[in-house]
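This briefing summarises one protein chain, beginning with a single buried position and then turning to overall architecture, aromatic pairs and charged pairs.

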Amino acid sequence: MIAAKDEFAAVCMPLYPDVLRLARYLCKDQERAADLAQDTFAQALSHWHQYTPETNARAWLLRIARNTFINQYRRRQRERRAVTEQGEVLVHATHSHAT
């Protein structure tokens, strides 16, 4: 496992600026971009066994970053809808009791 982490670090860590640049572009927010970059590297490390050596590690990492961003965006949208729906239920309940 240590050898895999060392290999991951040697291959992927030099690409951190590229991942962060994409994250900044996608997030339009410095703090969220840093979180996305960190999440990307956590995902990449946990799936390192799926990486094919001698392939484009940069493309692999940027794809993980993009997919992670999309998943986070969809999760936030679902959470907003749930809050909105709860708010509508509360508003509806308040109005029905008022009449």
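Thr40 is located in helix H3, which covers residues 30-46. The model is predicted. Thr40 has a relative accessibility of 0% and therefore counts as buried, the cut-off being under 20%. When neighbours within four places in sequence are set aside, Thr40 contacts Val19, Leu61, Ile64 and Ala65.

**Overall architecture**

- The protein chain contains four helices and zero strands, and its pattern along the sequence reads α-α-α-α.
- The chain has 99 residues, of which 24% count as buried.
- Of the contacts between residues at least 6 apart in sequence, 62% join residues at least 24 apart.
- The accessible surface of the chain is about 7,300 Å², and carbon and sulfur atoms account for 55% of that surface.

**Aromatic pairs**

- Six aromatic pairs are present in the structure.
- In one of them, the ring centres of Phe8 and Phe41 are 6.2 Å apart and the ring planes stand at 80°, so this pair is edge-to-face.
- This pair links distant parts of the chain, with Phe8 in helix H1 (residues 2-12) and Phe41 in helix H3, 33 residues apart.
- Phe8 and Phe41 are both buried.
- Phe8 also forms an edge-to-face aromatic pair with Trp48, with 5.3 Å from centre to centre and 85° between the planes.
- The pair of Phe8 and Trp48 likewise links distant parts of the chain: Phe8 belongs to helix H1, whereas Trp48 lies in the loop between H3 and helix H4 (57-98), 40 residues apart.
- Phe8 counts as buried because its relative accessibility is 6%.
- Trp48, with a relative accessible area of 8%, is buried.
- Through ring pairs, Phe8, Tyr16, Phe41, Trp48, Tyr51 and Trp60 are linked into a cluster.

**Charge over a ring**

- Lys28 is positioned over the face of Tyr25, at 4.1 Å from the ring centre.

**Salt bridges**

- Side chains of opposite charge can pair when their charged atoms come close.
- The structure has two salt bridges.
- In one salt bridge, the side chains of Asp18 and Arg21 meet at 2.8 Å, N to O.
- Both Asp18 and Arg21 lie in helix H2 (residues 16-27), and they are three residues apart, about one turn of the helix.
- Asp18 has a relative accessible area of 18% and is therefore buried, since the cut-off is under 20%.
- The side chains of Asp18 and Arg58 also meet in a salt bridge, at 3.3 Å, N to O.
- This pair links distant parts of the chain, joining Asp18 in helix H2 to Arg58 in helix H4, 40 residues apart.
- Arg58 counts as partly exposed because its relative accessibility is 41%, between the cut-offs of 20% and 50%.
- Asp18, Arg21 and Arg58 are joined into one network by salt bridges that share partners.

**Links between helices**

- Helix H1 is linked to helix H3 by the aromatic pair of Phe8 and Phe41.
- Helix H2 is linked to helix H4 by the salt bridge between Asp18 and Arg58.

Conventions: Residues are numbered from 1 along each chain as its sequence is written. This is a predicted model: local features need pLDDT of at least 70, side-chain atom pairs count only at pLDDT 80 or more; totals for chains, interfaces and linings use all residues. Side-chain values use heavy atoms; hydrogens and water are left out. Helices (H or I, at least four residues) and strands (E, at least two) are DSSP runs, numbered from the N terminus. Buried means under 20% relative accessible area, exposed over 50%, partly exposed in between (1.4 Å probe, protein chains only). Contact means heavy atoms within 4.5 Å. Accessible areas come from the Shrake-Rupley method with a 1.4 Å probe; for residues, only the protein chains shown count as cover. Rings of Phe, Tyr and Trp (its six-membered ring) pair if their centres lie within 6.5 Å; planes under 30 degrees apart count as stacked, over 60 as edge-to-face and the rest as tilted. A charge sits over a ring if NZ of Lys or CZ of Arg is within 6 Å of the ring centre and within 35 degrees of the ring normal. A salt bridge is a side-chain nitrogen of Lys or Arg within 4 Å of a carboxyl oxygen of Asp or Glu.
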